[in-house]
Amino acid sequence: MADDPKNASRAQWDRAAPGWNAHGALIGTWLARATEAMLSMAGIGPGSRVLDVAAGAGEQTLMIARRVGPSGSVLATDLSPAILALAKDNAQSAGVSNVQFQVADGEDLQVEPASFDAVVCRLGLMLFGDPLRGLAEMHRALRLGGHVCTMVFSQPQHNPCITILMSTALQHAGLPAPNPGAPGGLLSLGRPGLTDELFAAAGFQDVATTQLNAPFRMPSAKTYLDFVRTSASPIQQILDRLDEPSRERAWAEMEEKLSVYATPWGWEGPNELLLTAGRR
Ligand SMILES: C[S@@+](CC[C@H](N)C(=O)[O-])C[C@H]1O[C@@H](n2cnc3c(N)ncnc32)[C@H](O)[C@@H]1O
């Protein structure tokens, strides 16, 4: 069971859950503009019934809950029970009562067919082993005319920090150079046109993708790396096979390489996102 990729991913995200949650405010600032755009592209407004796939600690879930208001509802789903438990705590602390939570694999959503007006998935779809299956599940969950919008990372050259993290981690782990297109990888859906093809294959109409610049602004490369060390499950997964001193050497090399993005006013890591929308 432990070598099943799905179980490994769940276990890793259970472990990264506290780190991802602790950086919620930072993630919120980084993705604020892109998330507003995603919710608009999914047609989410007062009264909408929304499915949030791979919801994580629920930072975007709370934004959706506020947008749909008391007459709307949100179902937040995620593969990791630990991260979803934190999303539930966050909703309770925020006094938000129109959100339900359900542990669910995005490739096998256990939801009523045609029961949602909108589906969103923020930085989750690229982690799916079979993203087309995930999109088919979203399609099934939507009512006729309902909208979907997903957010994923774009191409490697526009996301050099991720490329640095991945290639350094793989090199230290003695693994082959990264293949950005390999299923489940952080940059696996970045090829231009790929998300559109997958959306169309899943049965969506009016498919369109928008590129969005979302630089990661932090005080220093070290603070960015602190975020990655505690929250970035795919990188942790690679480094897990190393002993402690070797792992520390890998982190130190990443920090050194990432410091090229230092500016006089702080650290700014280039980052590009793809928002893909479609209609059932
Ligand atoms: C990068 S985090 C994004 C979380 C949240 N959407 C956000 O933007 O803050 C990726 C999330 O995808 C979830 N995930 C990974 N594979 C999944 C799958 N097959 N089904 C559902 N969730 C999955 C992880 O558990 C994790 O919470």
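How many positive and how many negative side chains does the protein chain have, and how far apart do the centres of the two sets lie? There are 22 positive and 28 negative side chains, and the two centres are 3 Å apart. In this count Lys and Arg are positive and Asp and Glu negative, while His and the chain ends are not counted. Each charge is placed at NZ of Lys, CZ of Arg, CG of Asp or CD of Glu.

The model is predicted: local features need pLDDT of at least 70 and side-chain atom pairs count only at pLDDT 80 or more, whereas totals for chains, interfaces and linings use all residues. Residues are numbered from 1 along each chain as its sequence is written, and side-chain values use heavy atoms, with hydrogens and water left out.

The protein chain contains 10 helices and 10 strands. These elements are DSSP runs numbered from the N terminus, helices being H or I with at least four residues and strands E with at least two. Along the principal axes, the C-alpha atoms fill a box of roughly 50 × 40 × 40 Å. The radius of gyration of the protein chain is 18 Å, which agrees with the value near 19 Å for a compact globule of 280 residues. That radius is taken over C-alpha atoms, and the globule rule is 2.2 Å times the number of residues to the power 0.38.

Of the 280 residues, 52% are buried. Buried means under 20% relative accessible area, exposed over 50%, and partly exposed in between, with a 1.4 Å probe and protein chains only. The protein chain exposes about 12000 Å², of which carbon and sulfur atoms supply 55%; the areas come from the Shrake-Rupley method with a 1.4 Å probe, and for residues only the protein chains shown count as cover. Among contacts (heavy atoms within 4.5 Å) between residues at least 6 apart in sequence, 80% join residues at least 24 apart.

Helix α8 spans residues 221-231, and its buried residues are Ala 221, Tyr 224, Leu 225, Phe 227, Val 228 and Ser 231. Seen down the axis of α8, these buried residues fall within an arc of 155 degrees, so they line one face of the helix. The arc is that of the directions from the helix axis to the C-beta atoms.

Ala 221 is also touched by Ser 259, which touches Trp 267 as well, not counting residues up to four places away in sequence. Ser 259 belongs to the loop between α10 (244-258) and β8 (262-263) and is partly exposed at 36% relative accessibility. Its C-alpha atom is 33 Å from that of Leu 39, 220 residues apart along the chain.

Strand β5 (residues 142-153) includes Val 152, which is buried at 0% relative accessibility. Leaving aside neighbours within four places in sequence, Val 152 is in contact with Leu 123, Leu 125, Met 126, Leu 189, Thr 195, Glu 272, Leu 273 and Leu 274. Val 152 and Leu 187 are 35 residues apart in sequence, with 7.9 Å from C-alpha to C-alpha.

One of those contacts, Leu 123, lies in the loop between β4 and α5 (131-141). Leu 123 is buried at 11% relative accessibility, and its phi is positive, about 50 degrees, although it is not a glycine. Most residues other than glycine have a negative phi. Ala 114 likewise has a positive phi, near 55 degrees. Ala 114 sits in the loop between β3 (99-103) and β4 (116-122) and is partly exposed, with a relative accessible area of 38%.

Towards the N terminus, Gly 45 is found in the loop between α2 (24-41) and β1 (49-52). Gly 45 is buried, with a relative accessible area of 16%, and is in contact with Arg 67 and Val 68, leaving aside neighbours within four places in sequence. The C-alpha atoms of Gly 45 and Gly 72 are separated by 8.3 Å, with their positions 27 residues apart along the chain. Ala 11, in helix α1 (residues 5-22), is partly exposed at a relative accessible area of 45%. Its C-alpha atom lies 9.5 Å from that of Leu 79, 68 residues apart along the chain.
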